[in-house]
Amino acid sequence: MRVVNVWIEHPVMDLNRTFTYALKDGMNASRGVRVTVPLSGQFVTGFVDSVEENDLSLEEYSEKAGYEVRYVDKVIDEEPILNAELYELGLWMGHETVSPNIACFQSMLPSKMKPRSNRKASVQEYYVRLLDETKATSEKQKAAVEILKNGDVLRSELNKAFTGITAILEKKGIAEVYSKEKEAGYSELDIREADYELTEQQKAAIKKINESDKDVILLHGLTGSGKTEVYMQLAAQKCREGRQVLILVPEISLTPQMVSRMVNRFGHSIAIYHSKLNDQQRYEQYQLVRNHQVSIVVGTRSAVFMPFDNLGLIVLDEEHDHSYKQDSSPRYHCRDVAIHRAQHHHCKVVLGSATPTLESYARAIKNVYELVELKNRIHQNLPSSHLVDMQSEMRKGNYIISSVLEKEIRKRLDNHQQSILLLNRRGYTTIMKCRKCGKVIQCPHCDIAMSYHKDENKLKCHTCGTEMSADMVCPDCGSNNWLHQGLGTQRLYETIQEKFPEARILRMDADTTRKKNGHQEILEAFEKGEADILLGTQMIAKGLDYPNVTLVGIFNADALLGRTDYRSVEVTFDLIVQASGRSGRGHSAGEVYIQAYDTHHYGIRLAARQDYKSFFQYEMEYRHVGDYPPYKYLAAISFNSRNEEKAKTMAWQRADEFRKNEQFKTLGPSQLARSFDEYKYRIVLKGANRDQLIEAVWNWYDSIQFNKQQVKIQIDIDPYVLD
Ligand code: ADP
Ligand code: ZN
Ligand code: ZN
């Protein structure tokens with residue numbers, strides 16, 4: 001008898017182990033193939049890990065195993081859906097992130113191919129094939145036969161030429177209809193040249209990258225220094241050698257120009273893969289790679305799992321971006337997966353950024369990575385930046401916009417140049433507070449203040465999405481005298497419009513971009529010059545390249561510093577530098593005005609000077625003292641439950657156990673803000689040895705069998721933020 005060991009997702013228990021099932025006669029399975037199996041009264045889909053042969057009968061085997069071994073219901077795939085490399089990648093990722101292997105396999109595949117999916121399979125196309133031409137009688141039939149002699153034809157095409165012909169041909173036995181999976185069009189390598197000469201610094205960078213003996217390159221280049229061109233040159237080289245290239249970007253809708261430049265350069269040789277595609281589109285892009293119909297993939301995080309078999313290069317653009325870390329299980333970092341895959345394919349990984357993470361920069365200066373720099377901008381020098389002290393502006397009665405920034409916006413309007421204004425907070429105001437008793441309206445499901453949205457007259461929770469009418473009396477004292485505090489993009493929009501009634505302003509935040517292509521419409525309008533001012537949240541800070549923008553204004557630049565998270569200064573620095581980089585990219589010089597309450601903070605001061613290296617030195621000091629990455633490794637474990645006692649007890653028990661292990665420090669549990677009606681307790685482990693941390697978490701995880709419906713456990717190795 002043959003049995004298979006199968007990874008499945010258990011509906012109730014959180015487990016990471018295989019279950020054994022017997023194969024019926026005639027069933028064929030191998031590693032990486034999906035099967036349907038019975039479990040607790042239902043059928044579930046899983047991945048075959050291994051197949052074993054033995055001389056026992058099902059009864060004997062069951063007796064030996066100590067439980068009733070059941071039959072596989074159905075083998076889904078003829079060929080493994082994950083090849084050997086991807087299968088190993090899934091196991092490795094499970095280990096690294098301390099998550100069930102089945103969760104890894106699931107997140108590696110587009111949803112049409114995920115094991116749980118029972119949705120309709122891919123799109124089928126119907127073709128007509130010639131069987132017997134001698135049976136054709138009418139002129140029409142003979143004409144159709146002539147066409148079919150040259151090869152099979154799509155049924156819809158044939159019927160377009162001769163209405164209703166296919167049914168007749170079938171009936172008379174002249175031809176038959178068969179279906180096959182729809183394929184996206186095939187095309188040859190199609191690469192254009194750049195229409196400008198590379199700069200000396202770009203040439204030097206490419207040379208250094210090619211000659212380096214390191215597997216990972218950190219390309220540290222100012223915003224607008226020509227990094228994208230370097231990626232494209234390297235990519236073209238590799239494609240011409242017949243190898244595949246993966247270019248990872250943080251978020252496609254926010255970097256439309258990057259994508260259109262790639263498409264212009266690489267024509268039909270490119271596939272685009274991101275979360276806004278629907279299931280069918282994703283599946284098609286996946287198949288394009290699998291069938292070698294494209295050489296280059298530009299995509300977001302999950303594109304790192306595409307079925308390449310001959311990768312020559314991986315680029316991670318804006319490597320500091322937090323979207324590279326998945327925030328649900330398995331909590332992998334795209335960079336780690338990219339580096340792991342590159343090792344398998346013997347290819348290089350290029351990490352590019354103007355503001356690399358401290359982790360990557362530290363590795364580069366320790367010579368673990370090769371450091372390659374682009375020190376100058378292509379067209380202009382960096383914009384000149386000015387810090388504006390809002391404390392003193394407030395004394396002059398300017399609460400939202402300083403007089404200097406106001407004057408600069410006026411100048412741009414007069415000169416027909418464009419401005420970008422960044423405020424990283426949506427809504428109208430951030431807090432609604434009772435003037436009489438001081439109560440702040442909080443979300444009933446989260447311990448978070450509700451934001452006021454004036455255009456809809458609603459309060460919204462930005463964590464769970466709960467909405468309520470803003471027409472209310474104070475639940476504590478019955479007063480209806482409210483104070484609206486804090487600044488959001490809606491209110492900023494209103495203020496700017498009042499000050500400059502003639503200005504055409506576009507607002508871009510999660511509220512205005514909700515509908516499909518929302519981002520694209522706003523950015524296109526701005527690009528065409530249909531607006532003078534683009535105002536928005538961090539969405540507007542990324543790769544935009546508009547030559548007519550000569551002013552960037554940043555509001556509440558230090559707001560993020562108030563968070564307790566260890567990375568908050570780094571995030572603030574990145575945001576200011578990236579946003580500033582949008583100014584002065586064309587032939588006119590750019591300026592940046594940064595409004596802050598604490599203008600002496602090193603994060604703000606150094607960001608204004610675009611001085612990454614000094615920032616790195618300062619920040620490393622702080623990380624060193626606080627035992628934070630890159631000096632120490634972190635693991636965060638949270639226990640979430642609607643039942644506060646359960647979450648708390650479990651977290652405390654766990655923390656006490658972990659504290660016995662002296663290889664690392666155990667902090668907490670600390671209580672986090674409730675969200676989605678769940679209470680949260682979190683433990684943080686800090687240690688110098690990452691493998692030890694992972695092992696300790698695994699030892700515990702393997703030893704427990706807990707009911708995931710009562711307490712949810714979230715494990716995050718190398719958490720990106722800890723707020
Ligand atoms: P980064 O990716 O570092 O922000 P980009 O590659 O976007 O920089 O380059 C900034 C601008 O300069 C783009 O508009 C790009 O088309 C242009 N550019 C890049 N390389 C050159 C070059 N060698 N000569 C002229 N223009 C260039
Ligand atoms: Zn009140
Ligand atoms: Zn909420």
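**Exercise 1. Locate asparagine 556 and describe its surroundings.**

Asparagine 556 is found in the loop that runs between β26 and α17 (568-580). Helices (H or I, at least four residues) and strands (E, at least two) are DSSP runs, numbered from the N terminus. The model is predicted: local features need pLDDT of at least 70 and side-chain atom pairs count only at pLDDT 80 or more, whereas totals for chains, interfaces and linings use all residues. Residues are numbered from 1 along each chain as its sequence is written, chains are lettered from A and ligands numbered from 1 in the order in which they are written, and side-chain values use heavy atoms, with hydrogens and water left out.

*Solution.*
- Step 1: The relative accessibility of asparagine 556 is 25%, so the residue counts as partly exposed. Buried means under 20% relative accessible area, exposed over 50%, and partly exposed in between (1.4 Å probe, protein chains only).
- Step 2: Contact means heavy atoms within 4.5 Å. Leaving aside residues up to four places away in sequence, asparagine 556 touches Leu423, Leu487, Gln595 and Tyr597.
- Step 3: Isoleucine 594 is 38 residues from asparagine 556 in sequence, and their C-alpha atoms are 8.1 Å apart.

**Exercise 2. Describe the open sheet of six strands and the helix packed on it.**

*Solution.*
- Step 1: The strand order is β17-β27-β26-β18-β25-β24, with parallel pairing. Two strands pair if DSSP finds at least two bridges between them.
- Step 2: β17 (384-389) and β24 (505-508) are the edges; each has a single partner strand, so one side of each lacks a neighbour in the sheet.
- Step 3: On average, neighbouring strands of this sheet are turned by 15 degrees against each other, direction ignored. Axes are lines fitted to C-alpha atoms, for helices over the stretch in contact, and angles run from 0 to 180 degrees between N-to-C directions.
- Step 4: Helix α16 (residues 518-527) packs on the sheet and touches β18 (418-422), β24, β25 (533-536) and β26 (549-554); the direction of α16 makes about 150 degrees with that of β24.
- Step 5: β17 and β27 (residues 591-596) run parallel and are joined by six bridges. Valine 388 has glutamine 595 as its bridge partner in β27.

**Exercise 3. Characterise the largest nonpolar core.**

*Solution.*
- Step 1: A nonpolar core is a set of buried Ala, Val, Leu, Ile, Met, Phe, Trp, Tyr and Cys residues joined through side-chain atoms within 4.5 Å. The largest one has 88 residues, and Leu246, Leu248, Val297, Ile314, Leu534 and Ile554 have the most contacts inside it.
- Step 2: α17 gives the most to this core, with six residues.
- Step 3: Among the contacts of isoleucine 554 are Leu422, Ile576, Val592 and Ile594.

**Exercise 4. Determine the geometry at the zinc ion (ligand 2).**

*Solution.*
- Step 1: Donors are N, O and S atoms within 2.8 Å of the metal (3.2 Å for Na, K and Ca); water is not among the atoms, so sites may look incomplete. The protein donors here are the SG atoms of Cys434, Cys437, Cys474 and Cys477, at 2.3 to 2.4 Å from the zinc ion.
- Step 2: The four donor atoms subtend angles of 100 to 115 degrees, which makes the arrangement tetrahedral. Four donors count as tetrahedral if all angles lie between 85 and 135 degrees.
- Step 3: Along the chain the donors follow the spacing C-x2-C-x36-C-x2-C.
- Step 4: Cysteine 437 has a relative accessible area of 40% and is partly exposed; cysteine 477, at 30%, is also partly exposed.

Terms used
Four donors count as tetrahedral if all angles lie between 85 and 135 degrees; four count as square planar and six as octahedral if opposite donors are over 155 degrees apart and all others between 65 and 115; anything else is irregular.
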